[in-house]
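These are my notebook entries on a look at confidence and surface features. I began with the parts that call for caution.

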Amino acid sequence: MMMNYFPDEVLEHVFNFLTSHKDRNAVSMVCKSWYRVERFSREKVFIGNCYAIDPERLISRFPRVRSLTLKGKPHFADFNLVPPDWGGFVYPWIEAMVKLGVHLEELRLKRMVVSDESLELLSRSFVSFKSLVLVSCEGFTTDGLAAIASNCRFLRELDLQENEIEDRRGHWLSCFPDSCTSLISLNFACLKGEVNLATLERLVARCHNLRSLRLNHVVPLDTLQKILGKAPQLVDLGAGAFVHDPDSETLNKLKNAIQKCTSIRSLSGFLEVAPCCLPAIYPMCLNLTSLNLSYAPGIHNNELIKLIRHCRKLQRLWILDVIGDKGLGVVASTCKELQELRVFPSDLYGVGNAAVTEEGLVAISAGCPKLNSVLYFCQQVTNAALITVAKNCPNFIRFRLCTLNPTIADPVTMQPLDEGFGAIVQSCKGLKRLSLSGLLTDQVFLYIGMYAEQLEMLSVAFAGGTDMGMLYVLNGCRKLKKLEIMDSPFGDVALLADIGKYETMRSLWMSSCEVTLGACKTIAKKMPRLNVEIIDEGDQMETSPDDRHRVEKMYLYRSLVGHRRDAPDFVRTL
Amino acid sequence: MSSEKPKVSPEFETSGMNLQETELTLGLPGESRTQKSGTKRGFSETVDLCPGSTSAGKEEQSENEISGTTKPPTAKEQKVGWPPVRAFRKNLMKNCKYVKVAVDGAPYLRKVDLEMYCSYQQLLGALEEMFTCFTIRDVLNERRLMDPLNGVEYVPTYEDKDGDWMLVGDVPWKMFVESCKRLRLMKYSEAIGFAPRTPPKCSSSGC
C-alpha cells in the first residue's frame with residue numbers, strides 16, 4: 001500500500017480533510033498506523049450516548065480532543081417519558097478533562113444535566129474555551145452563565161436552545177467584561193428573566209464580529225432597533241418582543257436599521273408580537289434562507305401568509321399549524337428552494353385539533369422539489385396523500401409525521417396508513433429518519449424492513465399488531481442505530497430474536513409494550529456489552545419481581561464501560 | 001401531592017369514551033377540570049381529578065365540559081408522551097391566553113393575548129389602540145371606552161368560565177385572566193341594567 005510510505009504528517013494532513021465522524025472512524029479502522037495517526041490528530045469527537053464510553057477512556061484514545069459533543073438522555077425524555085434525575089450528568093466529563101489536561105475549546109451538549117458547578121469548573125479550567133452549545137439541557141441557573149461570561153476570555157459562542165434555566169436575576173449578562181469583544185454568536189432566547197438592556201447594547205456594540213444574536217422575550221422592540229443599528233453585520237437574528245405602536249418614531253427607526261442589515265439570512269423569535277409591526281421586516285424577507293416562527297403564536301394565519309409571500313429564497317421554514325392548508329399552498333408556490341419544513345401544533349391545550357391536514361403536505365411536496373426533511377403535525381392524513389408525497393419527493397432524508405390522534409385511520413377509506421408510509425420508504429431510498437403515526441398494522445413494518453435500507457432512526461407509537469412488526473424492522477434495517485417504541489404490542493419473541501443486533505445499534509427504547517422482566521434479564525446475561533436498564537417508577541417492583549412481569553419502560557444501549565454508576569434508585573440495570 | 005390523586009385506570013384508556021367527564025368529583029358546579037402543569041411524574045397529560053386547584057397551569061377545558069357531543073380527544077390522546085412535543089414548546093403555548101374581543105357594532109372581532117398585560121389599565125390601553133377610535137374614560141372609577149365621534153360609551157365586559165357575562169374590573173387581575181373566555185365592549189346604553197357597583201376598590205390591579 002502506497003500510503004504506508006508516507007510520513008505521519010502527510011497522513012495527518014490528508015485526514016484533516018475528513019470532516020465527518022463517520023469518515024474519521026472509517027479511516028481509523030484501516031490499519032494500525034492509520035489508527036495511530038488518526039487518533040492523535042482527532043480534535044472533534046462526537047459521543048451519541050454519554051454512557052457508551054467514559055471520559056478517561058475517551059481522552060486516552062484522543063488526547064488532543066478540543067471539541068466534544070455529548071448526548072445524554074434518550075430521545076423520548078423530550079416528551080416526559082423519562083423521570084427527572086435519570087442521569088446524563090456532564091460534571092464527570094468536565095472533571096476528567098481538567099484532570100487529564102485536555103485543552104477543551106468547544107462543548108456541545110444535548111439532553112444533559114448541567115450544574116452551575118460544571119459551568120464554573122468549565123469556565124475556570126480551559127483558557128482557550130470558545131464555544132458552549134446547550135440544547136434541551138437542564139440543571140443550571142443564570143449563575144452558571146455568569147461564570148461563563150466572567151471567566152471565558154475568548155468566548156465566541158454561547159448558544160442556549162430550549163433549555164430549562166432557573167433565572168436568579170443576577171445580571172449574568174453584565175458579567176461579560178468590557179474587554180470581551182470576541183463574541184460571534186449569542187443566543188439566550190430561552191431565558192425567562194430580565195436582562196440589562198443597556199449592558200446588552202454595549203456588548204453588541206463592542207463585538208464587531210457578532211454574526212448571530214437571539215434575544216429573549218423581555219428585550220423590547222426599541223432595544224432591538226438600537227442593536228440592529230450597532231450590528232448591521234448580523235447574519236442570524238432572533239427577535240424578542242416585537243410589539244410597538246405601528247406609527248411611532250421607533251418603528252421608523254427600526255425600518256431604517258433593517259435597511260442597513262443586508263446580511264441577515266436567518267430569522268426567528270417574535271416571542272411576543274403585535275402583527276401590525278410585522279411589515280417592518282418584509283425587506284429582510286427577500287434574502288432569508290431560514291425562518292423560524294414556531295415560537296410566535298401571536299402571528300395569525302393571514303399575517304403569516306403575507307410575510308411568507310416575500311420569502312422567495314427560503315430553504316428552511318419552521319411554523320405553527322395556524323398557517324393552515326391554504327397557507328401551505330402559498331409556501332409551495334413561493335418557496336421553491338425549500339429543503340426543510342416543520343409544522344408544529346398550536347392548540348395543545350384546547351380541544352386538540354390541528355389546523356392542517358394532508359392537503360397542506362401534498363401541496364408542499366408538489367411545489368418544492370428540493371424538499372428533503374419534514375416534521376409535520378396534522379389532524380389527519382390519507383394513504384393517497386402519502387403516496388402522492390412519496391412520488392413527488394423521492395429525496396426525503398427525514399420524514400416525521402404526527403397525527404394528533406395517534407391511531408387515526410385514513411379518514412376516506414378507513415384503512416390503516418400502512419400503504420402510505422410504505423410508499424414513502426419505497427420511494428425515498430435515502431431515508432435516514434422516520435417517525436410514524438396513525439392506525440398502523442404489522443404491514444407497515446414489513447415495508448420498512450424491506451425498503452428502508454438507509455434508515456438509522458425509527459420512532460414508533462401505538463402501532464403494529466404482533467411481534468412480527470418489530471421483527472421485520474430488526475431483520476431488515478441494516479443501518480438502524482436508534483429504535484424507540486411506545487405503546488405497541490411487541491414482546492419477548494421480537495425482543496429476543498436477534499440480540500446481537502443491539503450491539504450494532506446505539507440504543508433501543510421500549511415503553512408500554514409487552515416485554516417481560518425475564519426477557520430483559522436474558523439479554524443482560526448474554527450480552528455483557530449491552531446495558532439493559534429498567535425504569536421503575538414506584539409500584540411495579542414493590543413485591544419481589546416476577547420474571548413474567550411486564551416491564552413498563554426499558555432502555556438498552558451498547559456500552560464499552562459496563563453499568564453506569566450514577567443510576568438513581570428507580571433505574572435498575574440488569 | 002401526586003400520591004393523593006387517583007390514577008387514570010386502564011379501562012379509561014381503552015374504552016374510547018371520555019368517562020372522566022361523567023365521573024363524580026368534589027368540585028363545585030361549573031368548576032373546570034384542571035390539568036397539572038409540568039409535573040415530571042408523567043401525568044402532565046392526564047386530566048387531574050382534584051377539585052378546585054388553582055395552580056398556574058390551568059388550561060381551558062370548558063369546551064370539553066359543555067359539549068359532550070362534539071368528540072373531545074379520547075383519553076388515549078391525553079396519554080403521556082403524546083403528541084410528541086417538547087415540554088419547552090408546550091410551555092410556550094400555555095403562556096398564551098388569546099381571547100376574542102367583540103365590539104358592539106363592529107363588523108369583525110379581534111384577538112388579544114391576556115398574558116401580555118399586567119393590569120386592567122394596560123389591557124384597556126391595548127383595546128384603545130386596537131380600536132383606535134376609542135379613548136379611555138374614567139367615570140366614577142369605572143373604566144369605560146368612549147367613541148369621541150358619536151359620544152357612545154362602551155363598557156368592557158367578559159364571559160367567564162361559567163358562561164356568565166361580567167363587568168371587567170371587579171376581581172384581581174390574575175383571577176380575571178384565568179377565568180376570562182372572551183371580551184365584549186358593550187354599549188353603555190345596553191349595560192344600564194347592571195346594578196350600581198359597591199364602593200370602588202383603591203387601585204387597578206397590578207401584577
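Entry 1. I looked up residues 1-19 of chain B in this predicted model and found that pLDDT stays under 50 over that stretch. The model nevertheless has 22 contacts beyond four places in sequence for residues 1-19 of chain B. I then turned to residues 198-207 of chain B, where pLDDT also stays under 50; here the model has 14 contacts beyond four places in sequence. Where pLDDT is low, the predicted coordinates should not be read in detail.

Entry 2. I checked chain B as a whole. Its average pLDDT is 62, and 44% of the residues score at least 70. Within chain B, I found the lowest confidence in helix α2 (residues 62-66), with a mean of 36. The highest is in strand β6 (residues 165-167), at 89. For the complex, I noted an ipTM of 0.88 and a pTM of 0.79 from the predictor.

Entry 3. I consulted the record for chain A. An unreviewed UniProt entry annotates residues 6-47 of chain A as "domain: F-box". Over residues 6-47 of chain A, I recorded 62% helix and 10% strand, with the end C-alpha atoms 30 Å apart.

Entry 4. I examined a surface patch in chain A. Phe6(A), Val10(A) and Val14(A) form this nonpolar patch, and together they have about 210 Å² of accessible area. I located Phe6(A) in the segment before α1 (8-15) of chain A. Why is Phe6(A) classed as partly exposed? Phe6(A) is so classed because its relative accessible area is 36%, and the partly exposed class lies between the cut-offs of 20% and 50%.

Key: Residues are numbered from 1 along each chain as its sequence is written. Chains are lettered from A and ligands numbered from 1 in the order in which they are written. This is a predicted model: local features need pLDDT of at least 70, side-chain atom pairs count only at pLDDT 80 or more; totals for chains, interfaces and linings use all residues. Side-chain values use heavy atoms; hydrogens and water are left out. Patches are made of residues with over 30% relative accessible area and no salt bridge: like charges are joined within 9 Å, nonpolar side chains (Val, Leu, Ile, Met, Phe, Trp, Tyr) within 5 Å. Accessible areas come from the Shrake-Rupley method with a 1.4 Å probe; for residues, only the protein chains shown count as cover. A salt bridge is a side-chain nitrogen of Lys or Arg within 4 Å of a carboxyl oxygen of Asp or Glu. Helices (H or I, at least four residues) and strands (E, at least two) are DSSP runs, numbered from the N terminus. Buried means under 20% relative accessible area, exposed over 50%, partly exposed in between (1.4 Å probe, protein chains only). pLDDT is the predictor's confidence in each residue, from 0 to 100. Contact means heavy atoms within 4.5 Å. UniProt positions are given in the numbering used here, feature names are shortened, and annotations may be inferred rather than shown by experiment.
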